[in-house]
Amino acid sequence: MENYTHGVGADGVIITASNKSNEIISQSAQMCRKRGRIILVGVIGLDISRADFYEKEISFQVSCSYGPGRYDDNYEQKGQDYPIGHVRWTEKRNFEAILNAISKKVLKVEPLITERISLNDYQTIYGNMNNPNSIASILIYDNNAEQKSVVAMDQRSFKAQKGVIGIVGAGNFTSSTILPNLKKIQANIKYIASSGGLTGTIMAKKYTISNSTTDYSEILKDEEVDLVLITTRHNMHAPMVLEAIKAGKSVFVEKPLAIKETELEDIVAAYKDAKVNVSVGFNRRFAPLAIKMKKLLGSDESPMNIVATMNAGAIPADVWVHDMEIGGGRILGEACHYIDLCSYLTGSKVVAVCMNAMGSNPEENTDNASILLQYENGSNAVINYFSNGSKAYSKERVEVFSQERTLVMDNWRKLKAFGFKGFSKSSSKQDKGHFNQFEQLVEQQKNGGYPIIPFDSVINTTKASFAALQSLKSGQWIKL
C-alpha cells in the first residue's frame, strides 16, 4: 500500500470480507494513513488492537447494508423517500445504479457465474452450499411452466362441508395460539396464506392444512371456504375484512377490526347488505373465569363499577404496533380487549369515554393511560393500561363492585368473591378464552346462528377505542 500512496497510506479502507479472523481489521489499520477511515461492509473478527487505531487516530464505521433507508420502515414500508439533495445514494438509488451498470455492460457479472442449473435440479446447489468452487449459481426457470401460487399438501375433499376455514397470516400468533386451538377442535382448514410462502407451508405441514398459498385471493375465490380468519398486521385488517365480506365469506379477524374510523364505516355499510357473520378476537370474554364472573353477577344488568388493569409491559418504540399507520398504537390494538370485557360484564354499551395518559406530553405515551367508560345502564369502568409496571406483578387484574359484592380476578388463574353466597374462590391454570372462542366460532359457522360476539357490540367497542384517543387529544369526554 505504501508503494501505491508514496508512503502516505490509504485515505480509506473498505472491508467486504467474510472471515472470523481479527487479522483483517489489523491489516486495514496498517494500510490507512493518519486519520484515515475504515468502513466495514462484510463480517469479520473485531478484536481491535487499540495501538493500531490510537497512533493514527483512525475512524471506524460499520456500513448498513444497501445504503441509507435500510431498516427504516418509513422508507422501506411507506415509501417516504429521502430528498436527493440531502441523501444522494439511498438504498433504492444504489440498486438502480447497479442495475443500470449491468444493463449497459459497464459492470460485467458474467465472469462470476460458475454454473447454471435447472430449477428441477436445485439440490445440486442447495445440497452443497459449502462448495468453494461456486461463486454465483443461476437457477433456470422454465418460462412455459405453469406458475402456481398454491402448494397442495393433500387432496382432502371439503365438498358439502360447513365451517371450512382459510387463514390469512402465518405469524407467531397464528403458530402459537390459533392453530393449536383449531387442532384441538379438529377444525377443517383448507388454506393458510402467507406473503412469503415458506412459513405458511411449514405450518400447513405441521397442522395438516390442505393448501399453502402466497395469494389470499385464492381463499376468497374458493366456494368451499365459508370462514376466513385474518391474523395479519393491523393496518391490513379492515381492507381484508371488506374483501371477505364482498366475497360472501364470514370473517374472524384478530383485534382490532379497524384502525381508522372511515374503515369502520365502510365495514358497517358492507355488513348491512351481506349475509355473513363478522367476529373479532376479543377472547377475554370467553375465558372460563370471565364466564364465571358473568354468571355470579347475574343477568339483571344492575349498574356496577369495574377497575381493570393491564400490566402490559414495555415494548421497544420501533416495534410496528406503535406506528399509528400500521399498528394503530396499543390502545386500539390491545386495550380494546378490556373495553369488550367490561361491556360483556356490564351487559351494556359504552356511551361516553375519557382518557388521560402519563407525562407532560400524554399523546406520545398512550401505553401508560387510564380510560374511563360510562355505560347505558349506569355502570362505570376504569381501564388502566400501563407499560411501566413490574414484571413480577400480575399482567391482568379485574375488580368488580356490585350490590355490596366484590369480585377480584387475578391473571386468569384465580377468582375471589366477597359477598356471594355459596362461592368464595376458584383457581385453575391460566386460560384467556382462546379455546372457547374458536370452539364457539366453528360451531356457529357449522350450525348457523348469530356471531359469537354481537356485531353491534364489536362496533361499540371499536368506536370506544377511537373515542379514547380523541379524548386524549381534546382533553374532554367523548360521547358515542
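Arg285 is buried, with a relative accessible area of 9%; here buried means under 20% relative accessible area, exposed over 50% and partly exposed in between, with a 1.4 Å probe and protein chains only. The structure is a predicted model, in which local features need pLDDT of at least 70 and side-chain atom pairs count only at pLDDT 80 or more, while totals for chains, interfaces and linings use all residues. Residues are numbered from 1 along each chain as its sequence is written, and side-chain values use heavy atoms, with hydrogens and water left out.

The side chain of Arg285 meets that of Asp340 in a salt bridge, at 2.8 Å from N to O. A salt bridge is taken as a side-chain nitrogen of Lys or Arg within 4 Å of a carboxyl oxygen of Asp or Glu. Asp340 lies in helix α12 (residues 329-346) and Arg285 in the loop between β14 (278-280) and α11, so the pair ties together parts that are 55 residues apart in sequence. Helices (H or I, at least four residues) and strands (E, at least two) are DSSP runs, numbered from the N terminus. Like its partner, Asp340 counts as buried, at 0% relative accessibility. Once its neighbours within four places in sequence are left aside, Asp340 is in contact (heavy atoms within 4.5 Å) with Phe282, Arg285, Ile453, Ser457 and Thr461.

Helix α12 also holds a salt bridge of its own, between the side chains of Glu334 and Arg330, at 3.4 Å from N to O. These two residues are four apart, about one turn of the helix. Arg330 counts as buried, with 3% relative accessibility.

A search of the whole structure finds 19 salt bridges. One of them joins Arg35 to Glu57, with the closest N and O atoms 2.9 Å apart. This pair links distant parts of the chain, 22 residues apart: Arg35 is in strand β3 (residues 32-40), and Glu57 is in the loop between α2 (50-54) and β5 (59-62). Arg35 counts as exposed at 56% relative accessibility, whereas Glu57 is partly exposed, with a relative accessible area of 41%. Elsewhere, Lys190, Asp222 and Glu224 are linked in a network of salt bridges. Side chains of opposite charge can pair when their charged atoms come close.

Turning to the fold, the protein has 14 helices and 23 strands. Nine of the strands form an open sheet with mixed pairing, in the order β22-β21-β20-β19-β15-β18-β17-β16-β23. Two strands are said to pair if DSSP finds at least two bridges between them. The edge strands, each pairing on one side only, are β22 (425-427) and β23 (478-479). At the β23 edge, two bridges join β23 to β16 (residues 350-357), and these strands run antiparallel. Within this pairing, Lys479 in β23 is the bridge partner of Ala352.

Helix α14 (residues 455-474) packs on the sheet, where it touches β16, β17 (369-375) and β23. The direction of α14 makes about 40 degrees with that of β16; axes are lines fitted to C-alpha atoms, for helices over the stretch in contact, and angles run from 0 to 180 degrees between N-to-C directions. Helix α11 (residues 288-297) lies across β19 (396-402), β20 (405-410), β21 (414-418) and β22, running at about 180 degrees to β20.

The other edge strand, β22, contains Ser427. This serine is exposed, with a relative accessible area of 56%. Leaving aside neighbours within four places in sequence, Ser427 is in contact with Arg413 and Lys414. The C-alpha atoms of Ser427 and Trp412 are separated by 8.6 Å, with the two residues 15 apart along the chain.

At the level of the whole protein, the radius of gyration is 29 Å, whereas a compact globule of 480 residues would have one near 23 Å. That radius is taken over C-alpha atoms, and the globule rule is 2.2 Å times the number of residues to the power 0.38. The C-alpha trace spans about 95 × 60 × 45 Å along its principal axes. Of the 480 residues, 45% count as buried. The accessible surface comes to about 26600 Å², of which 50% belongs to carbon and sulfur atoms; accessible areas come from the Shrake-Rupley method with a 1.4 Å probe, and for residues only the protein chains shown count as cover. Among contacts between residues at least 6 apart in sequence, 61% join residues at least 24 apart.
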